[in-house]
Amino acid sequence: MSRSGKLEGSNSIFELDSVPLLLKTPLGEFSIKLSQFFLRFRISKKGVRLIHESHPLVLFMKGIKLFCLIVFFCALGFGQTMPKDADPKMWADAMRIHKKAIIIDGHNDIPSPMVDDDFDLATSSVGKFHGDGDPFHTDLARFKASGITGEFFSIYVGGDRMQTHDSMRRAMDMIDSTYREVEKHPGQLNLCTTADEIRRAKKAGKVCALMGIEGGYAIENSLFALRNFYRLGIRYMTLTHNVSHDWADAHRGEVKNNGLSEFGKEVVREMNRLGMLVDISHVSVKVMNDVLDVTKSPIIASHSGARAVNDHTRNVPDEVLKRVAQNGGVIMINFYPSFLDARTNKEENERSARLKPQSDALRKQYANDRNGYNVAERKLLHAKPMFIADYKRIVDHIDHIKQVAGIDYVGIGSDFDGVPFLPAGMNGMEDLPLVTYEMLHRGYTEQEIRKVLGENFLRAFSQAEKVAGNRQISGQGSLKRIN
Ligand SMILES: [Zn+2]
């Protein structure tokens, strides 16, 4: 509460002129002054005397005005909490920048529960857990609070689908579930497939659902299928997930092709020709370099960090960062604390190894009770707390890429709904404004922040569209097949 007083002769008139009702939203911090309701006191030696208050009718009208204001701020995305150590003025500035910016997130795994559990984005996901026990981070209200303009819905196909021979079917199910959500919520969501559509959605106040395939084996070695995925709206493809396959090697070290096979290189060329971005998250360093040798369009890493900050195979080494700068691509930082931070990664690995016998026993015990298992598993993990890096670590990766490659080649790729926990201080997508604040706090300019939040991706995407140009999708398509 702030007060002001002014001296009038020997008395002091004291007005409660600013009892700030502080509304913290991701789009700005607003203090509603209650001066409209002011009570005026005269403070003198005789004591404190109320000398003025508003007429009840005026108060009533102002009450309605206040109510409308609160509804308005709620609609903007009420709920973002300013960190305790934040400077309120800088926070307000950060929220202003955040609200204005086009924000594009490279990776979100929400389609998995949309297919497996019929999850509807209109349902609140706060405090809920996926079938595998991981927490939810995404729903329509949280989208609003996040300020996100374009979200890549991950058409994720697990490596096990290669064994069960249903990779393409899985991708089809995921794509349909994304369309279903867009069709069910036309007031909030748009399916977007171009950079222009993203800019238009920003103006219309809508969220763009974009789609990217995770796991290149989803095309089942068919460039014909690749073209149809493009038609359905897929605008990037992560060449592998965690396992190597017929034409590309994954990050974990299994060498099947010594990088990208000849057919793999043709996949990259065909993606360039179509205007589908090549995503180097999850692939081996050799594949990253092979892609950069072949591609004519900018590439992305949709959800990876900088390896120099945390030496993890899911992150991108400096030599590749420098090449991505030459290529005009974007490295979109993954928020998963074990990718962000070495200590978190080490402690998580140690904890998993230590608790494995108990976890296995729980899995057996609750074989037919997924919910029961999740509750028990979470209890087990919570009993053994570990160090979890906070959201500021995300900006350490951004800082590094800014230094090594340049501010034009870094973005964000949260991996919301695809990770077992988020950085300390973040509960879900609604906490994205923290990243904007941290960049501002470190001295990033508004223009630099806007580049990281979305403009860099838009530039790369537009360039890929330009390279594709006005081509026939199938008529001029590659007929190469895998041998
Ligand atoms: Zn991934």
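This briefing walks through a predicted model of a single chain, from its overall make-up down to a few strands, a helix and a glycine.

The chain has 483 residues, and 45% of them count as buried. Its secondary structure comes to 17 helices and 15 strands. Among contacts with a separation of 6 or more, 72% are between residues 24 or more positions apart.

**How far to trust the coordinates**

- The average pLDDT of the chain is 88, and 83% of the residues score at least 70.
- Residues 1-22 are another story, with pLDDT below 50; in the model this stretch has 36 contacts beyond near neighbours in sequence.
- Residues 24-41 also stay under 50 in pLDDT, and there the model has 71 contacts beyond four places in sequence.
- Where pLDDT is low, the predicted coordinates should not be read in detail.

**Strand E10 and its partners**

- E10 covers residues 207-214, and 8 of its 8 residues are buried.
- Val-207, Ala-209, Met-211 and Ile-213 point one way from E10, while Cys-208, Leu-210, Gly-212 and Glu-214 point the other way; every one of these is buried.
- Strand E8 (residues 150-156) runs parallel to E10, and 7 bridges join the two.
- Along that pairing, Phe-153 sits opposite Met-211 of E10, and Ile-155 sits opposite Ile-213.
- Strand E9 (residues 189-191) is also a parallel partner of E10, over 3 bridges, with Leu-191 opposite Ala-209.
- If you trace the chain from E9 through helix H7 (residues 195-204) into E10, you follow a right-handed β-α-β unit.
- Strand E11 (residues 234-238) is joined to E10 by 4 bridges, again in parallel, and Ile-213 of E10 stands opposite Met-237 of E11.
- To get from E10 to E11 the chain goes through helix H8 (residues 223-232), and this β-α-β crossover is right-handed.

**Strand E8, covered on both faces**

- In E8, 7 of 7 residues are buried.
- One side of E8 carries Gly-150, Phe-152, Ser-154 and Tyr-156, and the other carries Glu-151, Phe-153 and Ile-155; both faces are covered.
- Besides E10, E8 pairs with strand E7 (residues 104-108), in the parallel sense and over 3 bridges.
- Within the E7 pairing, Asp-105 has Glu-151 of E8 as its bridge partner.

**A closer look at Gly-212**

- Gly-212 lies in strand E10.
- Gly-212 counts as buried because it has 26 C-beta neighbours inside 10 Å, and the cut-off is 20 or more.
- Leaving out residues up to four places away in sequence, Gly-212 touches Phe-152, Ser-154 and Ile-155, along with Ile-234, Arg-235, Tyr-236, Met-237 and Thr-238.
- Asp-279 and Ser-302 are also among the contacts of Gly-212.
- Gly-233 is 21 residues along the chain from Gly-212, and their C-alpha atoms are 8.5 Å apart.

**Helix H11: one face in, one face out**

- The buried residues of H11 (residues 318-327) are Val-320, Leu-321, Val-324 and Asn-327.
- Looking down the axis of H11, these buried residues fall within an arc of 115°, so they line one face of the helix.
- The general background is that an α-helix has 3.6 residues a turn, so residues three or four places apart point the same way.
- Glu-319 and Gln-326 are exposed on the other side of H11.
- What do the buried residues of H11 pack against? Their neighbours are helix H10 (285-294), strand E14 (330-333) and helix H15 (392-404).
- Just after H11 comes Gly-328, which takes a positive phi of about 85°.

**The nonpolar core**

- The largest nonpolar core has 109 residues, and those with the most contacts inside it are Ile-155, Val-278, Leu-321, Ile-331 and Ile-401.
- Helix H17 (residues 446-468) supplies the largest share of this core, 8 residues.
- Two names on that list turn up above: Ile-155 lies in E8, and Leu-321 is one of the buried residues of H11.
- Ile-331 touches Leu-321 and Val-324, both of them buried residues of H11.
- Other contacts of Ile-331 include Ala-301, Ser-304, Val-316, Ile-401, Tyr-409 and Val-410, not counting residues up to four places away in sequence.
- As a general tendency, nonpolar side chains in soluble globular proteins are buried together.

Notes:
Residues are numbered from 1 along each chain as its sequence is written. This is a predicted model: local features need pLDDT of at least 70, side-chain atom pairs count only at pLDDT 80 or more; totals for chains, interfaces and linings use all residues. A residue is buried if 20 or more other C-beta atoms lie within 10 Å of its own, exposed if 12 or fewer, and partly exposed in between; C-beta atoms are placed from the backbone. The arc is that of the directions from the helix axis to the C-beta atoms. Two residues are in contact if their C-beta atoms, placed from the backbone, lie within 7 Å. Two strands pair if DSSP finds at least two bridges between them. A crossover is right-handed if, with the strands pointing away from the viewer, the path from the first strand over the helix to the second runs clockwise. pLDDT is the predictor's confidence in each residue, from 0 to 100. A nonpolar core is a set of buried Ala, Val, Leu, Ile, Met, Phe, Trp, Tyr and Cys residues joined through C-beta atoms within 7 Å.
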